[in-house]
Amino acid sequence: MRADILAAETGTIRKKWKGRLPVALLYPNIYPVAVSNLGFQQVYDLLNARDDIVCERVVYPAQGEPLRSLESNRPLADFPILCVSISFEHDFPRLAAMLAAGGINPYARQRAGQAIAPGAPLIIMGGVAVFMNPEPIAPFADIMAIGEAEPLLAPLFAPLSPDLASLPRREELLRQYSTTRGCYVPSLYAFNYQEDGRVASITPAPGVPARVERVYLGETGVAGHSRLLTPEAELSMYMVELGRGCSRGCRFCAAGFIYRPPRLWPGEAIVRALEERPDRAGRIGLLGMEMAQSDTLEKISLLLHREKLSLSFSSLRADRITPGLVTLLADSGLKSVAIAPDGASERLRRVINKGLLEEDLLTAAARLAQAGILHLKLYVMIGLPTETMADLDELGDMLVRLRQSILPIARKQKKIMEMTLSVNSFVPKPWTPFQYCSYGGLSTQGATASPEAGPALMAIKEKIRYLRRMIKKIPNTRLRVDRPERVLEQAVFSRGDRRLAPVLLDMGTGRRTFRQAMRAHGLSRWQYAIRPRDADELFCWQVLDHGVTEGYLAHELERALNEKKTESCQPALCRRCGVCR
């Protein structure tokens, strides 16, 4: 299996080990998912750009496969340094499983006092899941990288060398890291909890900063792009990022807050990234199209069209669909395009600060249909704060009007039009105005009526049943939904703290299911996922400092509940959130 993977892959880096520091780069999901992650690819490339390091990838093995590095088939216990790239909370149990299966003591406290060596590695964790909320997996890490890889990797590896015997003692090294900006050493922070489970205090060790400042990349000459290509990838395309963050400030979206200030890469940097693509790369995936300006999209569209390249992406902003972009989409052979209204009604889109009108959606659908793209996918969340059945009714009415506007175009082309409504349950995320809200969309009164997860799950399931009945009445329209129980699990991990680490280990090693593990360790799903948070409550993730002014997110929640719009970020002008102060 490993040989087949590498034979199909372009960009693999193989190095001799002699005289180099071996680093295992872990991604806690299977190969097709791992190789589709641009951040994972960039770390792999940046580490291997150093002559004194040999970096090899270790991914979650397919069933029956051994846990070994892709490049040289070595076990995890051969590496003195483990770097983890983790983007999604649902991969937390897999991470715990990989450490245990690799013969590594999963908990950092079990490695305390041991020299850094194969079998007792220094474990460094990074990725968006880490700098959103590191705490559920913090007990497994020696160091956590808070921010973006490009400015962080150099200070992280500056104290390390291939001569392991010359390294300081583990505790001395961790002390050294704790005063480096962007480096979080969990063992040097103590968390105390109130009887009701809330965080009472976060106490750093003497001489350690009270909070860890996030580090971000200010500018770049070449936009981030794929280093590895393979037909095995879940996203089999050459990826180029248009920027990082998002200026729009959707109140449910963590990326819009933890990646502040938003950065749009200059056109020259994007062009250079496109020029570095290998000859076999015919399909281009643009990351960040939702925040790109119309004129930028138009220029990129013309470039890709001229180079006879096809385009791919996750979703489009309905009010950013230009004529040039529509032409490129049609020429790319796309049969379907995804648009994300996110909120079911215009009222909800005001609540979440999405800023899309129904007219925008209808106009976008008509333009796409005229270009021959007659399968429209719509991404919508349910369980958003203040949501009612009336909002879902408006969604149903909008789908009917959408179909009515496209159907004559489809008939003229003698084609069938289709719609797919993809429905996901809202998860309250740290560092967003909705971090205070409940999974399940319950009101404060409803969420506090019973300290159980059942009512929230029932509320979501009832809305799904309601949507199913609604969609059945609309021809050629399909409904796709997630599993509410699975999303509840994600919501627990999203706002979780260190007490969840044993739960993750139990789940990852197959000892217990999620519910069994929570019960065994005396933890409540309601406490983490559903209990409404107070505006002045201390959160475990506030051990990090993303630069957001205290009270700003609570103020944004008030604006949401009053359906007030907050203008897009303008880093050169505004100082609202405090990041650009």
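**View A. Helix 17 lies across three strands of the predicted model.** Helix 17 (residues 454-471) lies across strand 16, strand 17 (418-425) and strand 18, and runs at about 165° to strand 18, where axes are lines fitted to C-alpha atoms, for helices over the stretch in contact, and angles run from 0 to 180 degrees between N-to-C directions. Helices (H or I, at least four residues) and strands (E, at least two) are DSSP runs numbered from the N terminus. This is a predicted model, in which local features need pLDDT of at least 70 and side-chain atom pairs count only at pLDDT 80 or more, while totals for chains, interfaces and linings use all residues. Residues are numbered from 1 along each chain as its sequence is written, and side-chain values use heavy atoms, with hydrogens and water left out.

**View B. Four parallel strands form an open sheet.** The strand order is 15-16-17-18, with pairing defined as at least two DSSP bridges between two strands. Strand 15 (336-342) and strand 18 (477-481) are the edge strands, each pairing on one side only, and the twist averages 20° from one strand to the next. Five bridges join strand 15 to strand 16 (residues 375-382), and Asp342 has Val380 as its bridge partner in strand 16.

**View C. Strand 2 is buried on both faces.** Because seven of its seven residues are buried, strand 2 (residues 53-59) is largely enclosed by the rest of the structure; buried means under 20% relative accessible area (1.4 Å probe, protein chains only). Ile53, Cys55, Arg57 and Val59 lie on one side, with Val54, Glu56 and Val58 on the other. Strand 1 (residues 21-27) runs parallel to strand 2 and is joined to it by seven bridges, with Ala24 partnered by Glu56.

Terms used. Buried < 20%, exposed > 50% of the residue type's maximum accessible area, 1.4 Å probe, protein only. Contact = heavy atoms within 4.5 Å.
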